[in-house]
There are 2 protein chains.
Amino acid sequence: MGDVWKALADPTRRKILVMLKKRDMNAGEIAAEFEMSKPSISNHLNLLKQADLVSAEKQGQNVVYSLKTSVIEDIMNLLSEISDRKE
Amino acid sequence: MGDVWKALADPTRRKILVMLKKRDMNAGEIAAEFEMSKPSISNHLNLLKQADLVSAEKQGQNVVYSLKTSVIEDIMNLLSEISDRKE
DNA sequence: TAAATAATTAGACAATTTTCTAATTATTTA
DNA sequence: TAAATAATTAGAAAATTGTCTAATTATTTA
């Protein structure tokens, strides 16, 4: 199980999460938004998946990535370690 | 201005934030809680300060560190980049 | 079934981060 | 004022992370 905080530490990965907030996207569509090689993006996607922040589903030759619905709750729980503030 | 996400990515630094939630502590007291050299802790404290997550005030030969009251709001704002959810 | 397309894996390299010891600065106390 | 204490700075080494190209796997289409 990967580290959520580490996953959130990289700006490319955070941008991917913001993109997936709008709609599901396959790996190629995601990679097209960055000036970076596809394998590098693939690596970032893997780290996000390890951290359970996104899910991946193969559809034909594509792999469609989705933001995990639980993502916000997870981060809120992490934050509660730092602050007791409710909500 | 340092990167808040990067600052939060390290477990030692997150533990320091949790400790400071309970009470203000000077650098020596903080270092005593870890099996790590004082300069290493000093480095972590500096990164937390850069990220504006803690403040430091010199009191005699000690330097007292405090959790910044704005810390939770700051992190919530960062989260809003990923989710539009209110609260 | 061969060629094309989408994505990942493998392996190497570069950049960044974490940690250390030794040295320095600032403050207090004997 | 000299010695002791608290903390940081400096500089180097080790570990981790991010990136690349080339190769591989899986799927679709001509």
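Around DNA strand D sit 23 residues, and the ones that come nearest are A:Ser37, A:Gly60, B:Asn26, B:Gly28 and B:Pro39. Everything described here comes from a predicted model, so these are computed neighbours in a prediction. Both protein chains show up in that short list, with A:Ser37 and A:Gly60 from one and B:Asn26, B:Gly28 and B:Pro39 from the other. Moving up from single residues to whole elements, at least two residues of this surface come from each of α4 of chain A and α3 (27-32), α4 and β3 of chain B. The largest share belongs to α4(B), which puts in 5 residues. As for chemistry, the surface near DNA strand D is made of 12 polar, 8 nonpolar and 3 charged residues.

Now for DNA strand C. This strand is surrounded by 23 residues, and the closest are A:Asn26, A:Gly28, A:Pro39, B:Pro39 and B:Gly60. Here α3 (27-32), α4 (38-50) and β3 (62-67) of chain A each supply at least two residues, and so does α4 (38-50) of chain B. On this surface the largest share, 5 residues, is the work of α4(A). Sorted by class, the surface near DNA strand C holds 8 nonpolar, 12 polar and 3 charged residues.

What do the chains themselves look like? Chain A has 5 helices and 3 strands. Read from the N terminus, the elements of chain A follow the order α-α-β-α-α-β-β-α. Of the 87 residues in chain A, 21% are buried. Contacts in this chain also reach a good way along the sequence: if only pairs at least 6 apart are counted, 56% of the contacts link residues at least 24 apart.

The strands of chain A come together in an open sheet of 3, ordered β1-β3-β2, and the pairing is antiparallel. At the edges are β1 (25-26) and β2 (54-59) of chain A; each has a single partner strand, so one side of each has no neighbour in the sheet. Between β2(A) and β3(A) there are 6 bridges, in the antiparallel sense. One residue pair to look for is A:Val54 with its bridge partner A:Leu67 in β3(A). Helix α2(A) packs on this sheet and touches β1, β2 and β3 of chain A, with its direction at about 90° to that of β3(A).

The helix α2 (residues 11-22) of chain A also packs against α4(A), at an angle of about 70° and with the two axes 10 Å apart. The pair α2(A) and α4(A) is therefore roughly perpendicular. On the α2(A) side the contact uses A:Thr12, A:Arg13 and A:Ile16, while α4(A) brings A:His44, A:Leu47 and A:Leu48. By class, that contact comes to 3 nonpolar, 2 polar and 1 charged residues.

Over in chain B, 3 strands build an open sheet in the order β1-β3-β2, with antiparallel pairing. The edge strands of this sheet are β1 (25-26) and β2 (54-59) of chain B, each pairing on one side only. Strand β1(B) is joined to β3(B) by 2 bridges, and the two run antiparallel; B:Met25 is found opposite B:Tyr65 in β3(B). Strands β2(B) and β3 (residues 62-67) of chain B are also antiparallel, and 6 bridges join them. Along this pairing, B:Ser55 faces B:Ser66 in β3(B), and B:Gln59 has B:Asn62 of β3(B) as its bridge partner. The hairpin of β2(B) and β3(B) has 2 residues between its strands, and within it B:Gly60 adopts a positive phi near 70°. B:Gly60 has turned up before, as one of the closest residues to DNA strand C.

Helix α2 (residues 11-22) of chain B lies across β1, β2 and β3 of chain B, at about 90° to β3(B). It is also a partner of another helix: α2(B) and α4(B) pack at about 70°, their axes 10 Å apart. That angle makes α2(B) roughly perpendicular to α4(B). Which residues make the contact between α2(B) and α4(B)? From α2(B) they are B:Thr12, B:Arg13 and B:Ile16, and from α4(B) they are B:His44, B:Leu47 and B:Leu48. The contact of α2(B) with α4(B) is split into 3 nonpolar, 2 polar and 1 charged residues.

Note on methods
Residues numbered from 1 in each chain as written. Chains lettered and ligands numbered in written order. Predicted model: local features only at pLDDT ≥ 70, side-chain atom pairs only at ≥ 80, totals over all residues. Near = placed C-beta within 6 Å. Helix = DSSP H or I, 4+ residues; strand = E, 2+ residues; numbered from the N terminus. Nonpolar A, V, L, I, M, F, W, Y, C, P; charged D, E, K, R; others polar. Pairing = 2+ DSSP bridges. Contact = placed C-beta atoms within 7 Å. Axes fitted to C-alpha atoms, helices over the stretch in contact; angles between N-to-C directions. Buried ≥ 20, exposed ≤ 12 C-beta atoms within 10 Å, placed from the backbone. Parallel < 35°, antiparallel > 145°, perpendicular 65-115°, else oblique.
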